[in-house]
Amino acid sequence: MISIFGSSILFLAFLFSLIGIGTLVLGRFSNNDSRYIKSGSNALLGSAIIVIISFITLLSQFLSDTFHLKFVADTSSIATPTIYKIGALWAGSTGSLLLWSSIVAVYKIYFILSYRKKYPEIFTTTLIIIGLISTCFLGFIYFLQNPFEPIFNIIDGRGTGPNLQHILMLIHPPLLYSGYIGFLIPFSMTLAALIENQDKIDYVSTNRKHVLFAWLVLTVAIILGGRWAYLELGWGGYWAWDPVENASLMPWLVSTAYLHSILVEQQRGMLRLWNVVLISMVYCLTILGVYLVRGGLIAESVHSFAESPIGGWFLALFFILLIFSIVTIILKSKSLKPRDKIESFTSRESGFLYNNVLFVGITFFILFAIFQPIFSSILTDKTVKLVDQAGYNRIAAIFGFLLLMLMGVAPFLAWRKTSKKVLKKIFIIPLFFSIAVSAITLLIFIILKGFSWMSVTVSIYSMLIAFVAYGIFDEFIRAAYARYKNKNENIFIAFLQLFRINQSRYGGYIVHIGFLIMTIGFIGRGFETKNDYTVSVENPEKIDDYTILIDDYYIEKSNNINIAGLTNQLIIRNEIPDIMRDRFIRQVSKLVKKNQSRSNHFAEIVELDIENNNNQIKLPVEKRFYYSPVQVTKEIALESNIVKDLYIILNRVDYDKKEAYITVWINYLVNWVWVGTLIILIGGLISLAPFRRKRSNA
């Protein structure tokens, strides 16, 4: 029954969407007849509401442990903790597509209700584009990966992958999709404005607001994904240049370029053609990312789904959107001529253009690095990978150098042209300050670690970070002091008023500060260490400036498995040989404790006694054995501060020798990445805040 109901409402949503698009097209070619437009809009509204109902319907099947649907049986189980049954809905390709369509539905409802009267000139065409794309997704779901496909005589399901049973997996995918899909409205509005020969500054401002929101959500989602990888995957890092990670990074890079270049269009009426190209690239790259996750090309990624027929359809959609964008831009290129030309390479618009070239350049490099091994295997039957993780890191280091240079210069240049006298006045003091910081940093490293290329690299980065930071704080201090003197305001009030007067500029500076802090965290990756150790009950192990000793070790399980069953699970996973069964049961029988929260797994736990600078802490490190599904995960022990992280995973416990075999990373400055993200979020929210402010030419 639930299968028939769910499939029926999905088909109804698809049908309403087709009817809505057809009616809107009829209205568009009937001199924008309001009756057709209203009817078409209402049909698309109905489709969106039905999609949300189907999502809620599917979610209810997960929460009620009803295994009448194949998708529910494949990704959930009775033993799966209730909160993670929610995340199980998007743990598989089918459910994640329904989540995607549900978020599209929310954006579609927002657009119809917000812009039907505000932008009547482009509303119909924009909604047709949005409707066509959302209809494609609904068609893919219904005809190719229907989440309501029935299954019979199933009492319990397979369960969700253990790595996905984490609180961040309840947040990261919906946020990531919201960021991706957030680019749909500005993409559609931009092309609609071109098609309808409309050119209003209001469109540009609205597009910038939408792109900034999507960019901000995507930024937080990407970093939360990195945090999940750091805490859950047990490899000591948070970014591995995984192809699917890169698929989310590429639209982020291009949208960052767009957010800078759109300011030039707003202020000078320039780079209009370039901005249309950028926003088209952003959305096409999001669809390409969907294909990479589902196309089966990137089998080694922990983020990708299994290969399915739907992958090819997304590739086709990508090419259709790409060709549609290119043809539209070519046909309407005459209307995109700039009002002005760049007058000097020392102008702010030139600085933003250099910024754009840098972001788009690194995007094309990543695109090449993703697809080069694929083309290599097709052409030569051998997979030759020209860019490995070290190659990515080297290019990223060069990108970081250049980006910091532009961040320190471009925002402080004048529009049109900056004279040599002004250049000297703006940059001479921060230049000397940053050189001094670099020299001091290099000297400290030479004294502590000796001379190395890493110390030179860090000193150059410290110079650039100091240069950018000086310029930002000097701008804040000068502007706040000017208000304090001229308007007789309290200095704190004067500082806050800056965000009200020009929230885009000063909110952007806060974002830049957050990026500087993140960069410090990225630099710390160059100093991480990793080693394997054996720790015991009696003999402490000295690791860096930590002294580690086993305080206790035991096994936790729930009531639904006995010690013999637990032993069988370990034998199945080759943790212990079969000949040791009886001996193992005798050894651990007194070490087993019950914990009902471990409903779908049991765990070996070693409690470590760690001493650092006369401070005693106890940290548990776990190895979990899931039987729904049958997998093993390693839960880290983490002692973290602003300088470094002690990061430990448990490899094996020897109950005979009372020893544990662990791998330990000493990771430096990782928390600066998370703090920097928080500051970027604050800066982005300031830029989005609906302040009432005077128009500024800054």
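User: Why is the sulfur of Cys284 not in a bond with the closest cysteine sulfur?

Analyst: This is a predicted model, and in it the closest cysteine sulfur to that of Cys284 sits in Cys136, 13 Å away. A disulfide needs the two sulfurs within 2.5 Å, so 13 Å is too far for a bond.

User: OK, and how many disulfides does the structure hold?

Analyst: It holds 0 disulfides. Looking from the other side, the sulfur of Cys136 has Cys284 as its closest partner, again at 13 Å and too far for a bond.

User: What makes Cys284 count as buried?

Analyst: Buried means under 20% relative accessible area. Cys284 has 3%, so it counts as buried.

User: And why is Cys136 called partly exposed?

Analyst: Partly exposed covers the range between the 20% and 50% cut-offs. Cys136 has a relative accessible area of 28%, so that label fits.

User: Let's switch to helices. Why are H7 and H9 called roughly antiparallel?

Analyst: Check the angle: the axes of H7 (residues 172-182) and H9 (residues 201-232) cross at roughly 150° and come within 8 Å. Angles over 145 degrees count as roughly antiparallel, so H7 and H9 get that name. Their crossing is left-handed.

User: Which residues meet there?

Analyst: On the H7 side they include His172, Leu175, Leu176 and Tyr180, and on the H9 side His210, Ala214, Val217 and Leu218 are among them. By class, the contact has 10 nonpolar, 6 polar and no charged residues.

Terms used
Residues are numbered from 1 along each chain as its sequence is written. This is a predicted model: local features need pLDDT of at least 70, side-chain atom pairs count only at pLDDT 80 or more; totals for chains, interfaces and linings use all residues. Side-chain values use heavy atoms; hydrogens and water are left out. Axes are lines fitted to C-alpha atoms, for helices over the stretch in contact, and angles run from 0 to 180 degrees between N-to-C directions. Helices (H or I, at least four residues) and strands (E, at least two) are DSSP runs, numbered from the N terminus. Angles under 35 degrees count as roughly parallel, over 145 as roughly antiparallel, 65 to 115 as roughly perpendicular and the rest as oblique. A crossing is left-handed if the near helix is turned anticlockwise from the far one by less than a right angle, and right-handed if clockwise. Contact means heavy atoms within 4.5 Å. Ala, Val, Leu, Ile, Met, Phe, Trp, Tyr, Cys and Pro count as nonpolar, Asp, Glu, Lys and Arg as charged, and the others, Gly among them, as polar. Buried means under 20% relative accessible area, exposed over 50%, partly exposed in between (1.4 Å probe, protein chains only).
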